[in-house]
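Please walk me through this structure. Start from a single side chain and work outward to the helices.

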Amino acid sequence: MTESRADSSSTQKVQQATRALSALRDSLTALSMPYVLQGTAAASDKATLIRDQLGDYILPRLASLDAPLLAVVGGSTGAGKSTLVSSLVRRQVARASAIRPTTRRPLLLHAPADAAWFDTDRVLGSLSRLRVDSDAPASPLTDHTPRELELRACEGLPEGLAIVDAPDVDSGVEDNRDLAATLLAGADLWIFVTTAARYADAVPWEHLRAAAQRRITAAIVLDRVPAGAETEVEADLRRRLVSAGLEEAPGFTI
């Protein structure tokens with residue numbers, strides 16, 4: 001009986017939170033800023049990001065606590081995100097390019113049995129869907145990055161975990177940066193990929209500090225570290241992580 005009352009109380013709390021957060025999302029959707037003043041653009045962008053995070057991640061997670069975890073691979077331009085994703089699933093599912101920025105739709109990989117979780121707009125509902133056959137070759141690069149999410153079943157992933165290959169957070173293309181921010185706001189886990197030459201850049205650290213504020217688990221992949229520089233670079237990176245409130249973030253050096 002006590003356990004039943006506890007379950008009922010938890011359900012009521014989730015329902016109350018869902019109603020409150022839904023009302024906040026609706027208010028942000030209806031928000032109008034008709035006057036062009038200093039700070040208006042920044043405030044409008046922040047309102048949009050919060051609204052999308054509520055709809056793309058927080059409300060869906062409240063409704064489906066047992067849904068697969070979503071790990072978003074993001075980071076610096078040219079850091080090797082797509083190569084890392086393909087390496088993790090042991091087949092080329094994402095094209096890498098020497099030309100920056102690389103522009104294409106973001107890719108969501110999931111276990112075959114988890115397809116139903118992602119075919120609807122349950123998560124990342126602000127993005128349209130494009131289902132690609134699991135055996136299809138990696139999609140070609142395009143001249144723009146649409147607000148679409150490419151879905152692909154992948155035998156190399158276990159049930160309960162999905163991976164998103166996101167655009168560059170510091171891309172020179174504004175659409176890429178906005179889309180990267182949307183995807184990161186919908187993540188259960190951030191995998192930040194950077195290089196020994198780029199790890200101190202300012203823009204990625206803005207996102208990492210945001211991860212610390214949201215208490216999102218973040219992992220750091222440090223790529224292209226010259227032989228002999230590992231100790232110095234890793235020590236400086238760890239110092240920066242501690243300063244950003246991410247002292248417990250695991251790091252992996254390649």
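Which residue's side chain does the side chain of Glu-150 join in a polar contact? The partner is Arg-105, and the polar contact between the two side chains spans 3.5 Å. Keep in mind that this is a predicted model.

Glu-150 sits in strand E4, which covers residues 148-153. Its relative accessibility is 3%, so Glu-150 counts as buried; the cut-off for that class is under 20%. Now look at the surroundings of Glu-150. Set aside the neighbours within four places in sequence. Glu-150 is then in contact with the run Arg-105, Pro-106, Leu-107 and Leu-108, among others. Leu-130, Val-132 and Ser-139 also contact Glu-150. Arg-105 thus appears both among these contacts and as the polar partner.

Move next to Ser-76. This residue lies in the loop between E1 and H3. Is Ser-76 buried or exposed? At 0% relative accessibility, Ser-76 counts as buried. Its side chain forms a polar contact of 3.4 Å with the side chain of Thr-194. Beyond four places in sequence, Ser-76 is in contact with two aspartates, Asp-168 and Asp-170, among others. Lys-81, Val-193, Thr-194, Arg-198 and Pro-204 are also in contact with Ser-76.

Lys-81 leads into helix H3, which spans residues 81-89. Which residues of H3 are buried? They are Lys-81, Ser-82, Leu-84, Val-85, Ser-86 and Val-89. Against what do they pack? The buried residues of H3 pack against five strands: E1 (69-75), E2 (107-110), E5 (161-165), E6 (189-195) and E7 (217-223). After H3 comes Arg-90, whose phi is positive, near 65°.

Two residues of H3 deserve a separate look. Take Val-85 in helix H3. With a relative accessible area of 1%, Val-85 is buried. Not counting residues up to four places away in sequence, Val-85 touches Val-73, Val-93, Leu-109, Ile-163 and Asp-165. As a distance marker, use Leu-54. It is 31 residues from Val-85 along the chain, and the two C-alpha atoms are separated by 26 Å.

Leu-84 also lies in helix H3. Leu-84 has a relative accessible area of 17% and is buried, since the class takes in values under 20%. Outside four places in sequence, Leu-84 touches Val-73, Ile-191, Val-193 and Val-221. Val-73 is therefore a contact of Leu-84 and of Val-85 by the contact definition of heavy atoms within 4.5 Å. Ala-94 is 10 residues from Leu-84 along the chain, with 9.4 Å between their C-alpha atoms.

Finish with a pair of helices. H2 covers residues 40-63 and H5 covers residues 174-185. How do their axes meet? They come within 8 Å and cross at roughly 45°. That angle makes H2 oblique to H5. The crossing of H2 and H5 is right-handed. On the H2 side, Leu-49, Asp-52, Gln-53, Asp-56 and Tyr-57 make the contact. On the H5 side, Ala-181, Thr-182 and Ala-185 do so. By class, this contact has 4 nonpolar, 2 polar and 2 charged residues. A general point helps in reading such lists. An α-helix has 3.6 residues a turn, so residues three or four places apart point the same way.

Technical notes: Residues numbered from 1 in each chain as written. Predicted model: local features only at pLDDT ≥ 70, side-chain atom pairs only at ≥ 80, totals over all residues. Heavy atoms only, no water. Axes fitted to C-alpha atoms, helices over the stretch in contact; angles between N-to-C directions. Helix = DSSP H or I, 4+ residues; strand = E, 2+ residues; numbered from the N terminus. Parallel < 35°, antiparallel > 145°, perpendicular 65-115°, else oblique. Left-handed = near helix turned anticlockwise from the far one by under 90°. Nonpolar A, V, L, I, M, F, W, Y, C, P; charged D, E, K, R; others polar. Buried < 20%, exposed > 50% of the residue type's maximum accessible area, 1.4 Å probe, protein only. Polar contact = N/O pair within 3.5 Å; in protein donor to acceptor, adjacent residues only side chain to side chain.
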